[in-house]
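Visitor: I would like to go through this structure by question and answer. Please keep to what can be read from the model.

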Amino acid sequence: MTVRGAGAKAMGGGRGATGARVEVRGLGGARSRGGTRGGARARETWALIQLYPGLDLPSPSSRESKAPQAKIRSQRRRRSIPLPRPPAMEKGKGLARRWAVELYDASSSSSHSSVPDPPGFTRSGPDADDAAGARQRKDSETAWKAQKAWEVAQAPFKNLMMMGFMMWMAGSTVHLFSIGITFSALWQPISALRSVGKVFEPFKDPRVDTLAPKLVFIALNLAAMGLGVFKLNTLGLLPTNASDWVSSLAPAQEVEYAGGGIPLH
Amino acid sequence: MAPPPPRHLLLILLGFVAAASLATLAAAMYEDQVGLADWHQKYIGKVKHAVYHSQKSGRRRVVVLTEENVIASLDLRSGDIFWRHVIDKNDPVDQLSLSLGKYAVTLSSGGSILRAWSLPDGQMVWETNLEVSKLSKPLLHILSNNKVAKDNLVLVAAGRWIYAVSSIDGVIAWEKEFSLDGIEIKQVLQSPENDILFVVGIAGSSKLNLYQLNAKTGEVVKHIQESFPGALCGEALLVSRNVLVALDETRSGLFLIEIKGESISYNKVHLSDLVQDLSGTVKLLPLMSNGVIALQESSTLSLLKLKGIDGLEVIQSFEQPAALSEALTITEKMKLLPLCTIWVLKLNLLSNLQVIEDGLASILDVITSELPVEKDGVSVANVEHNLFEWLKGHVLKLKGTLMLASADELAAIQALRLKSSEKNKMTRDHNGFRKLLIVLTKAGKVIALHTGDGRIIWSNLLPSLRTSKFGEIPSALGIYQWQVPHHRVMRENPSILVVGRSGTDSSAPGVLSVLDSYSGEELNSLRFDHSVVQIIPLTLKDSSEQRLHLIVDSHSRAHLYPRSPDAISLFLHEMPNTYFYTVDIEKNVIRGHSLQKSCYLSFDDEYCFSTKELWSIIFPSDAERIAVSETQKMNEVVHTQAKIIADQDVMYKYLSKNLVFVATLSPKATGEIGSAAPEESWLVAYLIDAVTGRILHRVTHHGAQGPVHAVVSENWVVYHYFNLRAHRFEMAVIEIYDQSRADNKDVMKLILGKHNLSAPITSYTRPEVMVKSQSYFFTHSVKTMAVTQTAKGITSKQILIGTIGDQVLALDKRFVDPRRSVNPTQQEKEEGLLPLTDSLPIIPMFYVTHSLQVEALRGIISIPSRLESTTHVFTYGVDLFYTRLAPSRTYDSLTDEFSYALLLITIAALVAAIIFTWIWSEKKELSDKWR
């Protein structure tokens, strides 16, 4: 399931629903992690629609049942509570774009301008317990960071599997494809190891322990490099045999010299 | 019609696959590449007999018989060869004559084979076998002016027999055996007017018999016998109608014999009365002119006029430093004064044949020399004459590459490529393609040829090898590198050494001469006081870069050359490690010798060394006879001692310059194929260390017969013989590996250099060798074999085989690899090992000589060029052929066909495209920004 697909679905839903306005906005200037989050949010919306199969967005009768949900989401967004990442999230997906899907409730948006709030409804109600919310927010952010760090640390594992498969596919003869794969298998871990600090920078937090994920990350990358070296050896490009060291060894000098042959007659 | 079964399709597919796989092996050339690097020159050899043929109409031509056993018809004006036949050496052609102006008649194999060749095109018209005793000298005489019959009779006389053969169809018209005991026919003469033949025969040594025969039937008309006081040598001439001139046995007197009806009267004339200072052998030259005879001795030719029977007088004598062809038969009746005619003819012959360097058909030995280094300050424009021409040439080439050229332009391109000035320059080139081929001919002439087009740069008939007045015939033995200047004496010219012998006997004193290889001038000449039996170039060089040579005389004494104190001090240091061996074919022995300081001569000569026999291998002569002895070429370069085989394993080659391959044959196996049964013929191949005499390997091939040809290179030997059981030729390979080094396989030790692989080796440590061998059927009979040599020895080798068809076949060494197996494993296939087949393939593309033939091919030599991938191959026989080979293709340079113009245009177009797109994108960006 892709972000774009999700967005389109949501839009389709919005277009069908006359009361609900679905706004799909490209925020531009992508930063990958934020983008992931935006995408996640869109996907969440989609998940929501998927969750309620009975939810018939196009029909006006289902407006009431959808409205509160949308409202909660919008409030959450405004408070910028970090959303839990869906488990299916993959690093690097939707890197190019950053998407934000805002679902405005038609009733709430209209209440801003013309329609007064109903009696007993205070708009600033939820802001009352702000301190408790902040603590909770902080906790969840730490948890998120730790989780994120672990995910990043484990990411090379999938790479490793994929690399292994590609190497197996490339075969053991030296040709362009196998050489390309082998060298990319060697280069990727090296570049990843060089930028290990940068990778874990976003999760830098005094309360988050990034050492263990870092070690796992390094270990996995080293394993990937080992795989590359192993491949290099299977291709016969490592001088591990005696033949590699003697192939251009000049003949030994001879002490004696004997000439002659059949005498001239 | 039913569709063909699918198996056919499969077969076709398999065929394509097979063809494709073979295509990768072949390194042939395209048709338009012929003549780019190679050249072919046709020769006939030294003329020993010439017959002029002058028809009133048509081109004047001469039919010649040469010492190389070639019959050729040449254009008298240009010297072009109309046609040419190289007759086998076993069938020596002795006599040549013309008949009816249509046929050239030759008599060969001691008078037993008579052939007639058509004059215009050289086709053989007929061949007749005659039974004659081979001991006598046969005579060929063609009756002229036979007005009665339209047919000319060809008379062959040998011993007591005389045959008359029709010149039209070769049928024997009549034959006559003279019953007189011990008679030998010495001369057949024809009386100018009537159909009477005079047959002069000598019985015993002094009885002259004169028979008069009827030319048409062979009946004896008259028989006269006369005893002479002195013996006759047998040379006689019919000078006039009834006067015979005969040389006596000592060749110092002439008998003038007059035949008058039934009786003979004679008169003896001493030659010393007529000609002063006689020297050498006197010969009578037949001149068909009334009353004039020509007398040839070693240095002069005298014309004598007969004055009745009483005496002779000298009309003219010519000093002739150069020898006249042995006999000039003038078929025409000369009405002119004979002396003029001779001069005209001689000049005619020489001026025309000078075009053909006759010595090049009898090459003994070949070496190469570098050309002079190019002087500084020669610009590109100078070299290419004209920049515009250069550009035009490249544009033409480009057109050819892009297939835009018309037929005329294609021809122009081809012509441009063929006469590229680059390849014929007289300076050294970067790739080492331009070299001088210095050849030594049998006559002692040294000739330098340019590898670019084969033109003669210089030639020098060495004075020391020229026939002297004492009658001894010097013989040239070999040509060697004497001085190849490198760093220290870079400014000096390289020089070559020619060793000869002042007589034909092996005990005759030797002669040495050193020549400048740029100009051919003789720098130094020396006459030895010892004989020359073996010449051993050593690996040592003295301070002036002169190579040391050991010359062994017939008393097994070794003499060191050059005679300089520097050389002797250098040699004394290396003397304990210098050995030599002799392969005595007659005694069936191989002997190894060491050198000792003292020389038992009457005078003190520090450059002379006595020798001591160290070892000998005596073959039992009733079981084995030495057939061939081969060793590695001295200048061969081997790149590595390790051979990498499948699964990265290593085998260490047994590399020794002292390895000698000797093949012996059972006495019956040395004869003709078919003369021995398979049970009683065998071949034994030996690998012998020449220092210690140790036999490293011995293998017997049962049912094998000679002739054996072998080639040794690196650690392998390839030899060729006939397999009597299989009725086919076979080629066998032996590869020899050093087992004592085989355990050097520890990578760590190799990395750290803790191995004994580069330690000097001595033959006195007992080598453990491992030998692999294999044999294959081979289609061709072989004349000679050689192997390609490259500068560094990295390029794979090709075996150059001179086939019986006088062509050169380049067979990849991969085909003769003893590790071939019927089902090679995957790793072996990756290594390039071919599956084993019972016979070696001969693919037409393997022929180095493509469509040409090197008539009477005798030798092939390969000389490395400076470019590792390429080697020079020079093939000689009666013809010469030169080409360049790249056994593994030219992996280290661009080919000649590479179009630099196309490359330049491509680069220019790309640069233009980059600039254009950059400007375009800039503009677009700007306009985008303004929007």
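Visitor: How far apart do the end C-alpha atoms of residues 210–230 of chain A lie?
Guide: This is a predicted model. UniProt, in an unreviewed entry, lists residues 210–230 of chain A under "transmembrane region". The span is 95% helix and 0% strand. Its end C-alpha atoms are separated by 30 Å.

Visitor: What is the corresponding distance for residues 165–190 of chain A?
Guide: The same UniProt entry, unreviewed, also gives residues 165–190 of chain A as "transmembrane region". Helix accounts for 81% of this stretch and strand for 0%. From one end C-alpha atom to the other it is 20 Å.

Visitor: Which residues of chain B carry the "transmembrane region" feature, and how much of that span is helix?
Guide: The feature comes from an unreviewed UniProt entry, which places it at residues 898–921 of chain B. The end C-alpha atoms of this span are 35 Å apart, and strand makes up 0%. The helix share is 92%.

Visitor: How many helices and strands does chain A have?
Guide: From the N terminus, the elements of chain A follow the order α-β-α-α-β-α-α-α-α-α-α-β. Counted by type, that is nine helices and three strands.

Visitor: Which element of chain A gives the most to the side that touches chain B?
Guide: In this pairing of chains, 25 residues of chain A are in contact with 44 residues of chain B. Both α9 (242–246) and β3 (257–261) of chain A supply at least two residues of the touching side. With five residues, the element that gives the most is β3(A).

Visitor: How is that side of chain A divided by residue class?
Guide: The side of chain A that touches chain B is sorted here into nonpolar, polar and charged residues. The counts are 13 nonpolar, 10 polar and two charged.

Visitor: Which residue of β38(B) stands opposite A:Gly261?
Guide: β3(A) and strand β38 (residues 578–584) of chain B run parallel and are joined by five bridges. Opposite A:Gly261 in β38(B) is B:Thr582.

Visitor: What is the phi value of B:Asn588, and is the residue buried or partly exposed?
Guide: B:Asn588 lies in the loop between β38 and β39 (589–596) of chain B. Its phi is positive, near 65°, although the residue is not glycine. Because B:Asn588 has 18 C-beta neighbours inside 10 Å, it counts as partly exposed.

Visitor: B:Glu714 has a positive phi too. Is B:Glu714 buried or exposed?
Guide: The phi of B:Glu714 is near 45°. The residue is found in the loop between β47 and β48 (716–723) of chain B. Since 24 other C-beta atoms lie within 10 Å, B:Glu714 is buried.

Visitor: Where is B:Pro707, and what is the peptide bond that leads to it?
Guide: B:Pro707 is placed in strand β47 (residues 704–713) of chain B. The bond from B:Gly706 to B:Pro707 has omega near 0°, and is therefore cis.Visitor: Which loop holds B:Pro562?
Guide: The peptide bond from B:Tyr561 to B:Pro562 is cis, with omega near 0°. B:Pro562 sits in the loop between β37 (557–561) and α7 (565–574) of chain B.

Visitor: Which strands stand at the edges of the sheet β41-β44-β45-β46 of chain B?
Guide: This open sheet has four strands with antiparallel pairing. Two of them have a single partner strand each, so one side of each is left without a neighbour in the sheet. They are β41 (625–631) and β46 (695–702).

Visitor: Which residue of β46(B) stands opposite B:Tyr686?
Guide: Strand β45 (residues 682–689) of chain B pairs with β46(B) over seven bridges, in the antiparallel sense. Opposite B:Tyr686 is B:Arg698.

Visitor: How many residues are in the largest nonpolar core?
Guide: The residues with the most contacts inside this core include B:Leu155, B:Val199 and B:Leu800. Among the contacts of B:Val199 beyond four places in sequence are B:Ile162, B:Tyr211 and B:Leu213. The core has 181 residues.

Definitions and conventions:
Residues are numbered from 1 along each chain as its sequence is written. Chains are lettered from A and ligands numbered from 1 in the order in which they are written. This is a predicted model: local features need pLDDT of at least 70, side-chain atom pairs count only at pLDDT 80 or more; totals for chains, interfaces and linings use all residues. A nonpolar core is a set of buried Ala, Val, Leu, Ile, Met, Phe, Trp, Tyr and Cys residues joined through C-beta atoms within 7 Å. A residue is buried if 20 or more other C-beta atoms lie within 10 Å of its own, exposed if 12 or fewer, and partly exposed in between; C-beta atoms are placed from the backbone. Two residues are in contact if their C-beta atoms, placed from the backbone, lie within 7 Å. Ala, Val, Leu, Ile, Met, Phe, Trp, Tyr, Cys and Pro count as nonpolar, Asp, Glu, Lys and Arg as charged, and the others, Gly among them, as polar. Two strands pair if DSSP finds at least two bridges between them. UniProt positions are given in the numbering used here, feature names are shortened, and annotations may be inferred rather than shown by experiment.
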